Amino acid sequence: MTENDIYAAPELYDLLSTGVPGDVEYFSKLAKQHKRVLELACGTGRITLPMAQAGAKVTGIELRESMLDAAARKLESETPAVQKRVDLYQGDMRSFDLGKTYPLVVIPFRAFQHLIDVKDQRACLECCRDHLTRQGRLVINLFDPNLRILAANLEVNATAVRKVGEVDVGDGERVVAYSTRTSCPEEQRFEEEWIYERFAADGRSLWRQARKFSLRWFGRYEMEHLFELCGLEVEKLEGGFKGQPYQHGGEQIWTVKKA
Ligand SMILES: C[S@@+](CC[C@H](N)C(=O)[O-])C[C@H]1O[C@@H](n2cnc3c(N)ncnc32)[C@H](O)[C@@H]1O
């Protein structure tokens with residue numbers, strides 16, 4: 001992680017990184033059923049707070065202080081009951097030891113895909129396994145690599161620009177984001193640069209910032225092998241947050257338990 005990565009600017013991240021459709025409802029329902037949850041890479045609390053609002057006691061771990069501070073600020077405007085149910089810690093999902101186990105551990109919204117190296121992926125899954133109760137479940141959401149999109153990324157030159165989105169930020173001002181993607185198929189990884197630009201009501205550019213991140217992609221059988229290597233057994237693989245079957249190019253939503 002560097003100073004110009006996307007997580008150094010949580011207010012920009014929150015503007016356009018709104019998750020996968022249905023993920024908040026899915027994780028909130030699971031959290032309510034399991035009552036106690038450990039969320040890894042909790043970011044600014046997009047999933048953490050709704051899980052606590054649903055009645056679960058939630059422990060969130062996040063690497064970036066800036067993201068964690070943003071989550072803590074959001075938590076301040078929750079009711080005292082919700083505030084009491086949330087504990088936030090700065091930590092690394094590859095090496096944490098909370099000294100307790102949880103009936104539910106979750107890694108929403110592709111956070112696991114920030115772990116580029118196999119040794120980091122294994123370290124994370126082993127930590128997850130050690131923090132699960134005997135009947136506990138680990139739920140991880142990844143995107144399924146879409147071969148058409150990957151192939152197109154190899155064909156176009158790396159400077160091809162895609163509009164990510166545009167948000168009205170009040171007083172007629174707008175933030176617009178564009179991205180470029182550079183793929184490295186040998187490492188099953190791509191790097192994206194997002195350019196955020198803020199415009200005044202009269203169209204003048206007020207500022208512009210570039211932010212980067214890298215993601216690793218995982219085939220479904222690679223994940224099955226990783227889980228097995230780390231002492232975890234697959235219970236189910238869903239293809240969407242409404243229980244859709246797994247389909248190429250959609251979501252991978254894994255539910256696994258201790259083997
Ligand atoms: C895509 S965001 C997801 C944030 C949040 N879970 C959500 O759904 O909005 C990925 C998060 O993973 C965090 N992260 C990346 N590597 C991490 C690590 N090794 N340990 C803990 N958090 C990490 C980033 O700082 C970022 O907040």
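1. The note begins with strand pairing in this predicted model. Leu38 has Val105 as its bridge partner, and Val105 lies in β4. The strands β1 and β4 run parallel and are joined by 3 bridges.

2. Val105 also has a neighbour in another strand: opposite Val105 stands Leu138 of β5. Between β4 and β5 there are 5 bridges, and these two strands run parallel. To pass from β4 to β5, the chain goes through helix α6 (residues 118–130), and the resulting β-α-β crossover is right-handed.

3. Is β4 mostly covered or mostly open? Of the 6 residues in β4, 5 are buried, so the strand is mostly covered under the cut-off that 20 or more other C-beta atoms lie within 10 Å of a buried residue's own.

4. Attention now turns to helix α2. Its 12 residues (23–34) should span 16 Å at 1.5 Å a residue; the C-alpha atoms at its ends are 16 Å apart, and therefore the two values agree.

5. Which residues of α2 are buried? They are Asp23, Val24, Tyr26, Phe27, Ser28, Ala31 and His34. The student may read this list alongside a general rule: an α-helix has 3.6 residues a turn, so residues three or four places apart point the same way.

6. The cover over the buried residues of α2 includes the strands β1 (36–40), β2 (57–62), β4 (102–107) and β5 (132–143), together with helix α3 (48–53). The parallel pairs described above, β1 with β4 and β4 with β5, thus reappear here as part of that cover.

7. Finally, the residue that follows α2 deserves a remark. Lys35 comes after the helix and has a positive phi, near 70°.

Key
Residues are numbered from 1 along each chain as its sequence is written. This is a predicted model: local features need pLDDT of at least 70, side-chain atom pairs count only at pLDDT 80 or more; totals for chains, interfaces and linings use all residues. Helices (H or I, at least four residues) and strands (E, at least two) are DSSP runs, numbered from the N terminus. The expected span of a helix is 1.5 Å times one less than its number of residues. A residue is buried if 20 or more other C-beta atoms lie within 10 Å of its own, exposed if 12 or fewer, and partly exposed in between; C-beta atoms are placed from the backbone. Two residues are in contact if their C-beta atoms, placed from the backbone, lie within 7 Å. Two strands pair if DSSP finds at least two bridges between them. A crossover is right-handed if, with the strands pointing away from the viewer, the path from the first strand over the helix to the second runs clockwise.
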